[in-house]
Structures are given as structure tokens and as C-alpha cells.
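The following exercises concern the arrangement of helices in a protein structure. Each task is followed by a solution in steps.

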Amino acid sequence: MECYSEQTCAIFVDGELTVDEARHLRDHLVTCQRCRDLVDALRAENRVLSESLRELPEEAASPEAPSRLRLSWVWGDLALMAAVLALNAIVFVWIDQLEIPGELEWFNPFSLSGFTNLMFNLSYYFSHGGTAMLTEYAAVVGGLFLLLLLGGSALLLGRRGRLRLPGLRLLIVLLTLSLSGFAMERRHGEFVTVPASETVDDTLLATGNTVRVEGVVNGDLLVFSGTLEVHGTVKGDLVSFAKRTVVSGSVEGHIYNFSQSFDLDGQLGHSIYGWARSWRVDNRGHVGDGIVVVAGDFILEGEVKRSVTIFTSNADVSGSIGRELTMAGGSLTLTNAARVGGNLSARVRQLKDVHIADGATIGGNRDIQVRARKSQFTRSGFYFRQAVWLASAMLVGWLGLVLFPGFVQASTQSVGSGWRSLGLGVAVLAGAPVAIVVTAITLVGIPLALMLFAAYLASIYLAKIWVGAFLGRILLRPAGATKHDWLLGLLLGLSILTMVGFIPYLGGLVHFGMVCLGLGAFAWQLYHASRPATMA
Amino acid sequence: MDAKKNSPKGRQLREVKTKQMEGQDLESVIERAQGHDAEALGEIHRRYVRRVFGLCRYMLDSRESAEDATSEVFLKLQRSIKSYNSSIPFPRWLLRVAGNQCIDVLRRRRRGQQVIVEVEDGAAVIEATSAEPSPLGTVIRMEERVQLQAAIARLPENYRVPLVLRYYTELSYDEIGQQLGVPRNHVATLIFRAKQELRRKLPHRSK
């Protein structure tokens, strides 16, 4: 009898031959060694195939771990953003711990609303500085980004070995600004308009009170303005520093937005990054990739193809999210129309701040974690952070003492002048942000404003050191004024201040008073140091 | 105060629930999921997301598309799980749904055309000639499995899809034929050719 074809044998092994055919083949196998071997080999092959397929490809090892899945595509961008926000975050946390009473919240330039406002205000004033100023500013920002990227890349290389493109592209866009010879169209005026009939082939840099794009921009669009409206098409990325940004047309690249309010009513090809007081993706809005933002209020009514990561005081989702929704902050509401393809993770202060309507659809797991404020004492990380903070404060104090011994001793001493330091401190704390913004308005003021801002943050940090050292000195009453005595006093003073700082309400008040005292003493001493005659 | 009270309690409650879920048999989890129980749906997601993703990853060409498809499968599951009756094992049913989802994706990419194009010579039986490589060996080492997986991923869609449906989801030729909209004998030919293609790509495994 003639042998069966290999395909017939393969179908037989798959159990897919008809009953009759299978019986005939089985009869044949009894007599034919060759076919028997073939069938055995085919069976083994099937087994190998099934087993190999069952062992999932390496990358599928843990698709359920939301962090890995999400990070794989926004890893680079997140790292970049994290680096940019890291400094702010440190100040945030610290100011947050002050527990400033509600009535005094207006003093706090780092509350979420205060901060977004400050950033918006700064960026808004940049627009009045003209293109030349902007070029300088961009060079500074570009340089900073380069540094952050280098640091970030070093970190990433250790972990993943690659940096995602969008962040790099933002860097390139910003860097190109600092290159004077770069082919770019610049437009400046009260009203800058790209009419529907016009196509801009280069990257467009627009500064003005109102910028309106109805035509097509083939490159990237960079805007510093009061209002930005995109009704037309931007083929590249959109970088906006406008007070109010409205996109009802289409942006094919990414959007990097730093506005007071942002509205997406149209189509976006890729992702949104940035921060704003209020974010809104309307029901006609469509985001081709994901969203990673810091926001005061976040409203999503439209569609986001991939993940949404938000740090917000209030999020309201009634649209659709293709993958994970990760949220940290105040409150989260998912309405009946909301649809989340992947996991939902929320970090909130209280469980009652999360409202998920019964009709809301969530494809993956719900992971809602409550971060109670007081629970920090139970975490070891908290003590570690405090220890690191204390150690770094001691290090800064020691450095100051080695480099400027006279100044440091004198600053410590002038804390003792009580009301003078306190009054001066309050004035500096409240007045410096105003001064910074005013400085930023003037033509040459922007770099100065940035430096002032950095100095302001540093002064707030140093305030605790002066007061700590002073307190330690009072308590220890050392006979001399050696470095050793000063440092010991600082350690004692800081430890006491830190502990007192955790007493509810009173701690906040003490912190606030301490910042004012220290700032005042520092300002007073700076004033004196600037007049050599008095120093002598 | 509320936060203080809610947080440990809520966490404990969740942990307890998760543990209960793990201990539960699949049937009751499915039953509860059919009644729109979010915890049960979450549990199903936890148990099967890897397998579903694995299938999607083999069927589709990129990790991103596979992730999208996986999300879509679990989203649709909330509605479709009602139609599940225990006539076939749940994992198999779920993989069939996932397979359908992937085929939909592939079809959409081809703007509604069939995923599997006609086999040129129809269901013509290919004779096993001495020139054809023989079936892959029985023993296969770990790194070779990885090679085999890579080779499967590189197969043309035409061959890859039916092969994966057969040996990953363990669908019958008829079921694959139904999903792909091609006759059963085409399925047999495509799977057979897929294997031959694999043998060609991994010649050192052939005896």
C-alpha cells in the first residue's frame, strides 16, 4: 500500500482527519515503519510548538504589572518629566509639611494653584521680552534640559538602555531655538495669525497676545502668548506657554503645554505632557497616544488611546481611556460614561474622594490606595528621609561655616533680633515672588528673575539652618564660638525643630515662624555684607 | 480622621478579598463576573492577562498593538462574559475571543479584507519529498525555544495566525476556518506550510 503524504500525516496528528481516513491511516501505520516514524516526529514537533508557544515571549512575562507596561512606553518621558519636576517636588513636600493654616495659604507660592499660576505668569511675561530674550531663555532652558537628559540617560542606561524619543524631540526643539542661524519662521505682534489659506513650511515661533493658527504648520509650533488657538493643522509638535491654549484643529505630533488652561477639542496624533491649572479634553477631543500631566483640575470627556497619568487635585473622567489610568492627588470621579481599558490606580488622601459610577467600565484591576497624612510616621522611608535631610542640612551648615565663617556666625546671631528678623522675613517671603515676577517683565530681567527664584528657594532652605543653629546655641550656651560648638548647636536645634514641626497645627506655625525668622536674619546679614564698611 | 480610619481598614478588606478570590474556583468567579462583579472581573484579568497578551503578541506584529488588543479583550469581556456557557473550558473560550479580537485588528488594517489570502494552489496536497526538511526534533533547549518563538514571530501573517490559533489556543481546523473565513482544507495547508517554513528557518533542529 502506498504511503500517505506528510500533510495527511500532519492532519492526522492534529486529530483532524475524518474518522474513516484516520482508521485507514492507523491500519497503514501498523505495517509501515517509515510512516510510523514520520507520525512520531510530527507529534514531537507539535509538542515542541505548543510548549514553546506556551512559554510566553520574554516581554510578555508580566503584562499585568501596570508599572512595567506603562513605563515601557513612557519610561523615558516620565524620567525626563520627573527630573524637571524633581526640584519642585522637593520644595512641594517640604512646604507641604509646614501645614500652613488655610488663612495663610496665600503666602504659599507652592500650592498647586499658586504654583501653576506662578509658572504661567513667568512664561506669560517671557512673551513680552521679544525674540532676542526668548533666544537667550531658550538657550538656558536648552542647557538645563541637556543636563537633565544627560543625568536621566545615565540612569536609564543602567536600567533600560534606551531613551524615548518624545522627550528628546522637545529638547531638540528647544535647542534649535538657541541656534541663531536655524531656519525658523518667527512672528511677533499683538495678533499673530496663520490664515486658513497659508502653509508654513518651517518651524514657527509665535509670540504675541493672541496667536491663532487656521492654516497648516508643517514643522513644530512654539508659542508664547496670552491665548493660543489652533483651528488648523500642526504637523509637528506643539510647545505652548500660553495663558490659555485651545486646540480644536489637529496636531500630529506631541503637545507640551505649560498654560493656565488647556482645552483639546480636536485631534492629537501622539501624547500630551505638561502642567496647567485646568486641563480639559472635550468629547470631540482625541489623543492618539497618552497623557502625562500635572493639573489643578483635569476633565476628560474625549478619547485617549493609551494610558493617562495625572497628578491632580481634582480629576473627572467621563471619556474613554484605552489603557491604564494612574492618578495621584485629591479626588477622582469616573462617571457612567467613563471607560478605562487597563488598570485603574489611584493614590488619594481619603477613600471617599474616589467616586466610580456603577456604569463606568474598567477593563483591568482597581487599585485605590489611601495615603493618610499621619501614617508617615509608620513608614521607615519617612525616617530615612528625615535622616537624609538632617545630614544634608548639617553638611550645608558645615560647608557654609568653612567657606564663610563670619557670615554664618553673624546670620545665626541676627536671628536673635527677634521681631526685626520676623518682620523682615515675612516681607521677603511674600515680597520676593512679586519682585521676581516684576523683574521678569523687564527686558533684561528674565535671567535675573530665574536667579532670584533660585536664590529665593535656597534662602527658604537655609532659614532652618540659621534658626536651628541659634536655638542650639541658646540651649547649649557654649563658652566659645568654635565651629564644633556651632555644628553641635545646629544638630540639636534642627532635631528639636524637626520634631516640633510634626506637632499638628503648632508645628506648622512654628515652621512658618522659623522660615520667616531665618529669612529675615539672612536678608539682614546679606544687606550688611553688601556694605563692607559696616562689616568691618 | 476619616482617612485614618479608612486606610488600614480598606487595605485589609482588599487583601482579604484578594485572598478569598485566589482560593475560589474559577466557576464561581465567572458566575460573579457575569453578574458584573468588579472584583471578579479583576480576578479574571489577573489570572489570564498573560495568556491573552501572549496570544495577541504572537498574532500581532508589535507589542503596542498586542497591549491595545489585550485591553480591548478585557473591556469587551465585561459584556461578552454573559454569553459564556460552560460548554467549553473558560480559558479556551477566552482565547477564542482574544483570537477574534486580533483577527479584527488585522482585518481593520487591511481595510476589511480577509486576513488570510487564498492559498495559491488551494488545498493541494504537498508531497513530502526528501528535499523538505523533516519535523523539528523532540528535545529542544531553552535558547532554541527562544529562537523558535522568534521564528514564529517572523512568519508571514498568512502562516503565523493559523499556526498560533492551532497550537496556542488549541482551536480545531473548523474553528480556525470560521474565524478566518477560509475553508477547513486551506487551514490545514496553511498550518502545514507554516511548519515547513519554520523548519527552513531553524534547519539545525531538523533531523
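**Exercise 1. An enclosed helix**

Seven of the eight residues of helix 1 (residues 6-13) of chain A are buried, so this helix is largely enclosed by the rest of the structure. The structure is a predicted model.

Task: State which residues of helix 1 of chain A are buried, and identify what covers them.

Solution.
Step 1. The buried residues of helix 1 of chain A are A:Glu6, A:Gln7, A:Cys9, A:Ala10, A:Ile11, A:Phe12 and A:Val13.
Step 2. The cover over these buried residues includes helix 2 (19-31) and helix 3 (33-54) of chain A, together with helix 9 (184-201) of chain B.
Step 3. After helix 1 of chain A comes A:Gly15, which has a positive phi near 75°.

**Exercise 2. One residue of helix 3 of chain A**

Task: Decide whether A:Ala41 is buried or exposed, and give the separation of its C-alpha atom from that of A:Ala10.

Solution.
Step 1. A:Ala41 belongs to helix 3 of chain A.
Step 2. A residue is buried if 20 or more other C-beta atoms lie within 10 Å of its own.
Step 3. A:Ala41 has 20 other C-beta atoms within 10 Å and is therefore buried.
Step 4. Along the chain, A:Ala41 and A:Ala10 are 31 residues apart, and their C-alpha atoms are separated by 9.8 Å.

**Exercise 3. The two chains**

Task: Describe the secondary structure, burial and contacts of chain A, and then those of chain B.

Solution.
Step 1. Chain A contains 14 helices and 23 strands. Chain B contains nine helices and zero strands, and its pattern along the sequence is α-α-α-α-α-α-α-α-α.
Step 2. In chain A, 41% of the 536 residues are buried. In chain B, 39% of the 207 residues count as buried.
Step 3. Among the contacts of chain A with a separation of 6 or more, 38% are between residues 24 or more positions apart. For chain B, 69% of the contacts between residues at least 6 apart in sequence join residues at least 24 apart.

**Exercise 4. The length of helix 4 of chain B**

Task: Determine what span is expected for the 18 residues of helix 4 (residues 63-80) of chain B, and set it beside the separation of the end C-alpha atoms.

Solution.
Step 1. The expected span of a helix is 1.5 Å times one less than its number of residues.
Step 2. For the 18 residues of helix 4 of chain B, this gives 26 Å.
Step 3. The end C-alpha atoms of helix 4 of chain B are 25 Å apart, which agrees with the expected span.
Step 4. Buried residues of helix 4 of chain B include B:Ala66, B:Ala69, B:Val73 and B:Leu77. An α-helix has 3.6 residues a turn, so residues three or four places apart point the same way.

**Exercise 5. Helix 4 against helix 5 of chain B**

Task: Describe how helix 4 of chain B packs with helix 5 (residues 90-109) of chain B.

Solution.
Step 1. The two helices, helix 4 and helix 5 of chain B, pack at an angle of about 125°, and their axes are 9 Å apart.
Step 2. This angle makes helix 4 of chain B oblique to helix 5 of chain B.
Step 3. The crossing of helix 4 with helix 5 of chain B is right-handed.
Step 4. Helix 4 of chain B contributes B:Ser65, B:Ala69, B:Glu72, B:Val73 and B:Ser80 to the contact, and helix 5 of chain B contributes B:Val97, B:Ala98, B:Gln101, B:Cys102 and B:Val105.
Step 5. By class, the residues of this contact are six nonpolar, three polar and one charged.

**Exercise 6. Helix 2, helix 3 and the loop between them in chain B**

Task: Describe the packing of helix 2 (residues 26-34) of chain B with helix 3 (residues 38-59) of chain B, and characterise B:His36.

Solution.
Step 1. Helix 2 and helix 3 of chain B pack at an angle of about 130°, with axes 7 Å apart. That makes helix 2 of chain B oblique to helix 3 of chain B.
Step 2. Helix 2 of chain B passes helix 3 of chain B in a left-handed crossing.
Step 3. The contact involves B:Val29, B:Arg32 and B:Ala33 of helix 2 and B:Ala40, B:Leu41, B:Glu43 and B:Ile44 of helix 3 of chain B. Five of these residues are nonpolar, none is polar and two are charged.
Step 4. B:His36 lies in the loop between helix 2 and helix 3 of chain B. Its phi is positive, near 65°, although B:His36 is a residue other than glycine.
Step 5. B:His36 has 14 C-beta neighbours inside 10 Å and therefore counts as partly exposed.

Conventions
Residues numbered from 1 in each chain as written. Chains lettered and ligands numbered in written order. Predicted model: local features only at pLDDT ≥ 70, side-chain atom pairs only at ≥ 80, totals over all residues. Helix = DSSP H or I, 4+ residues; strand = E, 2+ residues; numbered from the N terminus. Buried ≥ 20, exposed ≤ 12 C-beta atoms within 10 Å, placed from the backbone. Axes fitted to C-alpha atoms, helices over the stretch in contact; angles between N-to-C directions. Parallel < 35°, antiparallel > 145°, perpendicular 65-115°, else oblique. Left-handed = near helix turned anticlockwise from the far one by under 90°. Contact = placed C-beta atoms within 7 Å. Nonpolar A, V, L, I, M, F, W, Y, C, P; charged D, E, K, R; others polar.
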